[in-house]
Amino acid sequence: MSPNTWSWQSRDETAPVWPGTHQQLGATWSPDATNFAVWSPEATGMWVCLFDDEGTETRHRLTEHTLGVWHGQIPGVPVGQLYGLRAEGPWDVGHGRKFNPAKLLLDPYARAVTGQPRYGPETLPYVVGSPDKPSPLDSAASMPRCVVTHDEFDWGEDRRLRTRWRDTVIYELHVKGFTQLHNEIPEHLRGTYAGLGSPTVIDYLKDLGISAVELLPTQQFFTEPAVAQRGDVNYWGYNSIGFFAPHAAYSSSGDRGQQITEFKQMVKSFHEAGIEVFLDVVYNHTAEGGALGPAYSFRGLDDHGFYKRAGTPGDAYWDVTGCGNTVDTTNLAALRLILDSLRYWAAEMHVDGFRFDLASALARTGHDIDMRSAFLTTISQDPVLRYVKLIAEPWDASMDGYMVGSFPPPWVEWNDRYRDTMRDYWRASSGGIRDVASRLAGSSDLYADDGRSPYASVNFVTAHDGFTLRDLVSYNEKHNEDNGEDNRDGSDNNRSWNHGVEGETDDPAILALRRRQAANMMVTLCLSNGSPMITAGDERGRTQRGNNNAYVQDNEVSWVDWRPDDAWLDVYEFTKAALRLRREHATLRQRHHFVGTPTIDGGPKDLAWMHPTGREMSAKDWYDADLHTVGMFVSGDPLRSPGPRGQQQHDCSFLMWFNSGPEPVDLTLPHNQWVNHGEVVLSTDPALAVGAPVASGDALTLAGRAVLVLRQTDHTP
């Protein structure tokens, strides 16, 4: 026997195992027998290990190996049965073979997982201090279990909603953090799928004007060992291990498969309210971490095939995720797992879309980013996935991974250039308004050249990582001391401004200015062309006390505070009003990029940029670094997009003024032959009241750091 091959004897191989089938991976239950199928092409042996409630293990050796898949049927396995896997095979660390049957492994296709790992040397495939030697320590007592499931949920007439992108308003939230402190949700439902799908939450989101929730990772994830050892947890969840399993800790009803039913009911409840559900999915890396990390699943089944290698001698992973490993999407089994997982969530769980964490890492052929990669090509051709919404985080942790504007249709992208530009503009550090205008109008410089629409730009000012909106206007520096990394973690490039005092203050003038600045950014976001994304709680002034990397803060630092006494309810009302305008007027959510020319002969330009003096911006104005005020005229009469039957569409025209400078600005409303009368429909300047009439040629004074939105009133539908 080769010295690199395990010699290991199983026990309790007494129950019969039928041949079964290799086609459907995972555990497939039936009344007679449950089929188990596991991809592990280089394993020399595979066991399904069944556990009772006392932890007693019974091992069943799979005898069939077809096209790289070990498979067999075990009769009499009940729904809810706990199980794991053990794999025997070569131990050759230098070539990525880490088979160790002493390690209990999770089924990559498990539909449910119960428990969390107990971190220690038992879960490591190697001997501590000697990574070239296999560890004899059994990990079963330290490992979670997979669950055999069979769910017969009644979906009724529920289907994915297929809301048009230009009608989509995204709300990024955390399942636990959004409901954990909500006093109107029953205590046993707080922090769960059931709590999130409750009427209390849904009514709030509908009132605000949200059309889609984007959930931070809900696929089963584990905390990194280093984080756990210092007493913290991974709160955000960007450390996935079970790509088919709803994260069990978010279930109020149980973790033996009940989490599946509860997740489905949450989705159904959102759909009944007209709200789509997007999942933030993390396929670029797994919770197994770097080469010296634990063996939870893939490392013990197909380490060499599943993780990218650097191409150097030894067992060097190629890490462009910053998390220790990178999933190799050119490996057919890894690609199949990702596609099967996506189809499962879309078809079986009725999810409407996905946001792909570090999508550039997935779009690599070899070490190079490839927009014709197997990952992108297969998704675009898949009969299920090509019709769901696909959102790329278009970068990874490498120097060459920044690909904003480069993903092919039908993908849309998080547009961090919008975020940075708007943050700089509202702190009067943009150096003029040239780039600001591009972001307001839908970033045609990024998306028009390859035929994508403005909605390909997912516009955002904040996200889960980074400052909240309140902290963006309250802190100049990050304050991550509680994260246990000596404030070294988190970005130093926050583009924030504390308005004179670092952190919270009782100064009424500073507080008023901060709230107006927050309202300015929310209104700007909601009325920019593209797809807006709001971070949960920003609309009511949620703070993380200056922490811009709260991934380990599973506490009140991260949870949404629902108490009214500290809420910025004026910001909420501005956000709600801006979203209502967007929803009611097609002028403010256009399908096509603006051209800057009339839509019809003799009509107004579809878009015109106005100088405060009432004339159109000149070429010289665009390079004026001291110009902080601009007017954006958007014509609705007619719209460039036709109606559903090809008819010409008409709507009100709008003139929006943005002033990020500290001083009031005198405005002259432009003279023209198309729009003569209007009204104030939104204003963060308290001196300009909503409902006030205006006319072409009028002179107005707009306060420093304010937004003014005027709507045409002499429009004839």
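Me: Gly500, buried or exposed?
Reply: Exposed. This is a predicted model, and in it Gly500 has a relative accessible area of 62%. The cut-off for exposed is over 50%, so Gly500 qualifies.

Me: Where is Gly500 placed?
Reply: In a loop. Helix H13 (469-472) lies on one side of that loop and helix H14 (508-527) on the other.

Me: How far is the C-alpha of Gly500 from that of Ile510?
Reply: The two C-alpha atoms are 7.3 Å apart. Along the chain, Gly500 and Ile510 are separated by 10 residues.

Me: Switching to helices. How many residues of H6 are buried?
Reply: Eight of the nine. H6 covers residues 298-306. With that many buried, the helix is largely enclosed by the rest of the structure.

Me: Which ones are buried?
Reply: Phe298, Arg299, Gly300, Leu301, Asp302, Asp303, Gly305 and Phe306.

Me: And what covers the buried residues of H6?
Reply: Several elements do. Among them are the strands S2 (33-39), S3 (45-51), S7 (82-88), S9 (97-98) and S17 (240-246). Helix H7 (332-348) is also included.

Me: Next, Lys264. Which helix is it in?
Reply: Lys264 sits in H5, which spans residues 258-272.

Me: Is that lysine buried or exposed, and why?
Reply: Buried. Its relative accessibility is 6%. Anything under 20% counts as buried, so Lys264 falls in that class.

Me: What is Lys264 in contact with, leaving aside neighbours within four places in sequence?
Reply: Five residues are listed: Asp151, Phe153, Trp155, Glu348 and Met349.

Me: Cysteines now. How many disulfides does the structure hold?
Reply: Zero.

Me: Why is there no bond at Cys49?
Reply: Distance. The closest cysteine sulfur belongs to Cys146, and it is 10 Å from the sulfur of Cys49. A disulfide needs the sulfurs within 2.5 Å, so this pair is too far apart for a bond.

Me: And from the Cys146 end, what is the nearest cysteine sulfur?
Reply: That of Cys49, 10 Å away. Cys146 is in no disulfide.

Me: Are those two cysteines buried or exposed?
Reply: Cys49 is buried, at 0% relative accessible area. Cys146 is also buried, at 0% relative accessibility.

Me: Last topic. In what sense do strands S11 and S12 pair?
Reply: Antiparallel, over two bridges. S11 is residues 126-127 and S12 is residues 130-134.

Me: Which residue of S12 is the bridge partner of Tyr126?
Reply: Pro134.

Me: What about Gly129 in that hairpin?
Reply: Gly129 takes a positive phi near 90°. The hairpin has two residues between its strands.

Notes. Residues are numbered from 1 along each chain as its sequence is written. This is a predicted model: local features need pLDDT of at least 70, side-chain atom pairs count only at pLDDT 80 or more; totals for chains, interfaces and linings use all residues. Side-chain values use heavy atoms; hydrogens and water are left out. Helices (H or I, at least four residues) and strands (E, at least two) are DSSP runs, numbered from the N terminus. Buried means under 20% relative accessible area, exposed over 50%, partly exposed in between (1.4 Å probe, protein chains only). Contact means heavy atoms within 4.5 Å. Two strands pair if DSSP finds at least two bridges between them.
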